[in-house]
Protein chains: 2
Amino acid sequence: MKTKLSRNSLRSVLLLLVILFATLAANAQQEPRLYTYSTIDALLAGVYDGDLTVAELRTKGNFGLGTFNRLDGEMIMLDGVCYHAKSDGTVVVAGPEEKTPLAYVTRFRTTATVRPGAALSLLELEKWLDQRLQNKNLFYAIRIDGLFRDVSVRAVPPQSEPYKPLAEVVRTQVVHDYAETRGVLVGIRSPAFTRGVSVPGYHWHYLTGDRKHGGHVLKLTLAEGSARFQEIAALDLQLPRSEGFAKADQERDRAQELKKVEGER
Amino acid sequence: MKTKLSRNSLRSVLLLLVILFATLAANAQQEPRLYTYSTIDALLAGVYDGDLTVAELRTKGNFGLGTFNRLDGEMIMLDGVCYHAKSDGTVVVAGPEEKTPLAYVTRFRTTATVRPGAALSLLELEKWLDQRLQNKNLFYAIRIDGLFRDVSVRAVPPQSEPYKPLAEVVRTQVVHDYAETRGVLVGIRSPAFTRGVSVPGYHWHYLTGDRKHGGHVLKLTLAEGSARFQEIAALDLQLPRSEGFAKADQERDRAQELKKVEGER
């Protein structure tokens with residue numbers, strides 16, 4: 001009797017293990033997804049507070065970018081670490097309870113690596129990438145480890161309520177310039193038809209090699225480096241249920257405002 | 001020895017069962033999501049063939065709307081059944097291997113029910129709903145079971161390659177008018193900032209009570225009925241990896257084309 005029970009139990013254990021591993025394997029094999037919290041139009045409208053914590057965001061991906069509540073600086077997620085670039089140009093690791101009003105993250109797996117043969121400005125870099133990221137109607141996560149002749153980044157100081165629209169706030173942005181710096185560009189390229197939700201085209205944040213400085217990229221010259229990218233065909237968009245998000249005017253086309261905010265190429 | 005093994009095995013079985021049920025419970029508790037395959041801009045550009053089967057789509061939701069490959073008619077998903085409205089106005093249940101180039105589905109759970117007090121035209125119905133669906137920056141799935149004084153629906157006949165843009169194709173649409181008809185309106189309301197991906201505002205398909213007729217709604221008069229709706233804050237967007245989708249011009253703003261295609265209110 002005891003032996004029989006034992007065998008049945010073992011069989012059940014094995015069966016459940018198979019189910020469990022099949023479930024885990026199915027999750028692991030899932031194609032890459034871009035997890036997006038809130039929308040660029042909400043940020044442009046002045047929705048600077050979200051309910052998503054850094055701890056929750058880290059369950060959605062290990063690579064990406066965004067900002068923090070009160071529009072306090074810039075977010076860079078790299079190798080699973082969520083960095084917080086402040087308006088004074090310094091970078092700290094974000095605490096798990098910090099919250100974000102806007103973030104784009106993915107689980108980064110390199111699908112291709114390319115190396116530019118010459119120094120490139122930001123515009124040249126984007127044109128060069130455009131020839132390599134062939135499907136403009138999908139998303140791309142792009143990681144560029146390199147040596148930069150110069151990089152200009154900005155970060156915005158934390159805001160106080162009542163919040164002003166982003167196009168006004170960026171006038172108070174603080175710009176920091178770095179020369180001959182080694183570091184990592186964290187980029188997301190979004191298709192044009194996701195305007196309103198994402199930043200159409202390229203969106204870059206920079207983090208220095210020592211992880212001490214960084215921010216939202218305004219311009220740069222890449223001296224040498226390698227670009228790794230991942231094609232992404234699935235978007236997980238989570239809209240906030242906050243009153244601020246509900247009330248934000250997200251009807252009108254904010255393309256012109258976005259151009260001002262992102263910095264001209 | 002045997003007893004000990006048996007106890008350990010039982011303990012393992014119990015532990016695995018707990019893990020398994022926790023996983024299942026977590027999935028079941030997931031908040032409502034709108035699964036979207038491809039984009040309205042791709043359809044407007046003439047991408048009329050997708051790779052998603054009806055069988056796969058039915059794993060993503062039990063309620064929604066869309067179309068079929070070659071733009072062959074209109075799709076209505078209701079109570080888990082995927083209906084295919086042909087251009088002759090007749091409706092059949094879609095086969096599991098039929099494919100769709102564009103679909104929006106969700107797992108419908110009623111979060112509120114409202115009843116209009118008087119007969120309403122389509123425009124009046126939408127204004128009346130606008131006062132009840134309070135958050136215009138979220139999605140809504142809307143189901144209206146009612147008696148309609150009149151309903152005009154259209155369906156498009158299947159196209160042949162090379163495909164023309166949708167704004168041209170709809171000139172060949174076939175319109176069917178139904179008077180004093182009982183049936184169900186299947187609707188999705190999308191926020192303005194998802195233009196490009198979804199149809200901003202309301203999008204309605206109609207299915208008669210006997211499930212024999214239906215299509216894309218152009219106009220109607222609702223005599224009486226009840227509207228059930230579900231608020232949706234999460235979008236799962238799956239972009240096709242087809243060459244047709246990759247090559248489609250989804251750069252420009254197609255709002256005016258969409259207006260022509262959807263039919264003026």
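In what sense do strand 15 of chain A and strand 15 of chain B pair, and over how many bridges? In this predicted model, the two strands pair in the antiparallel sense, and 5 bridges link them. The strand of chain B spans residues 234-238, and one of the facing positions is Gln238(A), which stands opposite Ala234(B).

This strand pairing belongs to a contact between the chains that involves 38 residues of chain A and 38 residues of chain B. On the side of chain A that touches chain B, the elements giving two or more residues are helix 1 (2-29), strand 15 (234-238) and helix 6 (243-247). Helix 1 of chain A supplies the largest share of that side, with 13 residues. Sorted by class, the side of chain A that touches chain B is made up of 20 nonpolar, 12 polar and 6 charged residues.

It is helpful to set these elements beside the division into domains. Chain A splits into domain 1, covering 1-30, and domain 2, covering 31-262. Between the C-alpha centres of these two domains of chain A there is a distance of 42 Å.

Turning to helix 4 of chain A, we find a helix with two contrasting sides. Running from residue 122 to residue 130, helix 4 of chain A has Leu122(A), Leu125(A) and Leu129(A) as its buried residues. These residues lie on the same side of helix 4 of chain A because the arc they cover around the axis is only 60°. This fits a familiar rule: an α-helix has 3.6 residues a turn, so residues three or four places apart point the same way. On the other side of helix 4 of chain A, Leu123(A) and Lys127(A) are exposed. As for what the buried side meets, the buried residues of helix 4 of chain A pack against three strands of chain A: strand 10 (120-121), strand 11 (139-155) and strand 14 (214-232).

Strand pairing can also be followed within chain B. Strand 11 of chain B (residues 139-155) and strand 12 of chain B (residues 174-190) run antiparallel and are joined by 15 bridges. Within this pair, Ile142(B) has Gly187(B) of strand 12 of chain B opposite. Strand 12 of chain B also pairs with strand 13 of chain B (residues 201-208), in the antiparallel sense and over 8 bridges. There, Val184(B) finds its bridge partner in Leu207(B) of strand 13 of chain B.

Definitions and conventions: Residues are numbered from 1 along each chain as its sequence is written. Chains are lettered from A and ligands numbered from 1 in the order in which they are written. This is a predicted model: local features need pLDDT of at least 70, side-chain atom pairs count only at pLDDT 80 or more; totals for chains, interfaces and linings use all residues. Two residues are in contact if their C-beta atoms, placed from the backbone, lie within 7 Å. Helices (H or I, at least four residues) and strands (E, at least two) are DSSP runs, numbered from the N terminus. Ala, Val, Leu, Ile, Met, Phe, Trp, Tyr, Cys and Pro count as nonpolar, Asp, Glu, Lys and Arg as charged, and the others, Gly among them, as polar. Two strands pair if DSSP finds at least two bridges between them. Domain bounds come from an automatic or database domain assignment. A residue is buried if 20 or more other C-beta atoms lie within 10 Å of its own, exposed if 12 or fewer, and partly exposed in between; C-beta atoms are placed from the backbone. The arc is that of the directions from the helix axis to the C-beta atoms.
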